[in-house]
Amino acid sequence: MINFLQPTGDHMSLLDAAKRVRENAHAPYSEFKVGAALRTASGAVFAGCNVENVAYPEGTCAEAGAIAAMVAAGQGDIVEILVMAESDVPITPCGGCRQKISEFGTPETVIILASPLGVIGEVTLGELLPGSFTPAHLKGAK
Ligand code: THU
């Protein structure tokens, strides 16, 4: 499912943006800093980091921060989103973030998995979230 990639210069602006914001992550409880950077159809890049809270469930993921910045700027349509953490195994967005990305993406939206050293691999949203809940389900409701 994950297409492991050789390091290249591609995705450089997403990598840089995720790396920069990840350093500001507020993760005193998990000590697991995450950065995310997404590109919209217009070419704009938005980034976010995880923001934990002493009331644990109130913490937010890096992807949620990047999506909030995108929406606040009046944009949508996620073409690709890079997620960066320091981990032996490349991290993928949690279930809730897959649904959040789905709100502004398509099954073809590319999810790029990275560490501070560079891109590790990529996978599509359709592969990570098959059978997702969509607006079509709402319209089908009685
Ligand atoms: N986290 C993210 O920000 N994004 C992910 O894709 C996975 C997990 C955060 C949530 C929490 O602050 C920390 O990583 C450990 O779960």
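**Entry 1: T124**

I began with T124, which comes out as partly exposed at 25% relative accessibility. I am working from a predicted model, so I keep that in mind throughout. I placed T124 in strand β6, which covers residues 118-124. I then looked up its separation from V34: the two are 90 residues apart in sequence, and their C-alpha atoms are 19 Å apart in space.

**Entry 2: the ligand**

V34 turned up again when I listed the residues around the ligand. Which residues surround the ligand? I found S30, F32, V34, N50, E52, C61, A62, E63, I91, T92, P93 and C94. I sorted this shell by character and got seven nonpolar, three polar and two charged residues.

Next I went through the short distances to oxygen atoms of the ligand. For E63, I noted 2.6 Å between an N or O atom of the side chain and a ligand oxygen. For N50, a polar side-chain atom sits 2.9 Å from an oxygen of the ligand. A62 gave 2.9 Å as well, but here the protein atom is a backbone N or O. How much of the ligand's area does the protein bury? I read 76% of the 370 Å² that the ligand exposes when taken alone.

**Entry 3: the salt bridge**

How many salt bridges does the structure hold? I found one. Its partners are the side chains of R39 and E80, with 2.8 Å from N to O. I checked where each partner lies: R39 is in strand β2 (residues 34-40) and E80 is in strand β4 (residues 78-85), so the pair ties together parts that are 41 residues apart in sequence. A reminder to myself: side chains of opposite charge can pair when their charged atoms come close.

Is E80 buried or exposed? I have E80 down as buried, because its relative accessibility is 13% and the cut-off for buried is under 20%.

**Entry 4: a nonpolar patch**

On the surface I picked out a nonpolar patch formed by Y29, V54 and Y56. Together these residues have about 370 Å² of accessible area. I looked more carefully at V54, which lies in the loop between β3 (45-49) and α2 (62-72). V54 is exposed, with 61% relative accessible area.

**Entry 5: positive phi values**

I checked backbone angles next, since most residues other than glycine have a negative phi. Where does E31 lie? I found E31 in the loop between α1 (12-22) and β2. The phi of E31 is near 55°, a positive value in a residue that is not glycine. E31 is exposed, at 67% relative accessible area.

I made a similar note for D77. The phi of D77 is near 60°, also positive in a residue other than glycine. I located D77 in the loop between α2 and β4, and its 53% relative accessibility makes D77 exposed.

**Entry 6: P7**

I finished with P7, in the loop between β1 (3-4) and α1. P7 is exposed, with a relative accessible area of 69%. How far apart are P7 and I120 in sequence and in space? I noted 113 residues in sequence and 7.4 Å in space, C-alpha to C-alpha.

Methods: Residues are numbered from 1 along each chain as its sequence is written. This is a predicted model: local features need pLDDT of at least 70, side-chain atom pairs count only at pLDDT 80 or more; totals for chains, interfaces and linings use all residues. Side-chain values use heavy atoms; hydrogens and water are left out. A salt bridge is a side-chain nitrogen of Lys or Arg within 4 Å of a carboxyl oxygen of Asp or Glu. Helices (H or I, at least four residues) and strands (E, at least two) are DSSP runs, numbered from the N terminus. Buried means under 20% relative accessible area, exposed over 50%, partly exposed in between (1.4 Å probe, protein chains only). A residue is near a molecule or strand if one of its heavy atoms lies within 4 Å of it. A polar contact is a pair of N or O atoms within 3.5 Å; within protein, one must be able to donate a hydrogen and the other to accept it, and residues adjacent in sequence count only if both atoms are side-chain atoms. Accessible areas come from the Shrake-Rupley method with a 1.4 Å probe; for residues, only the protein chains shown count as cover. Ala, Val, Leu, Ile, Met, Phe, Trp, Tyr, Cys and Pro count as nonpolar, Asp, Glu, Lys and Arg as charged, and the others, Gly among them, as polar. Patches are made of residues with over 30% relative accessible area and no salt bridge: like charges are joined within 9 Å, nonpolar side chains (Val, Leu, Ile, Met, Phe, Trp, Tyr) within 5 Å.
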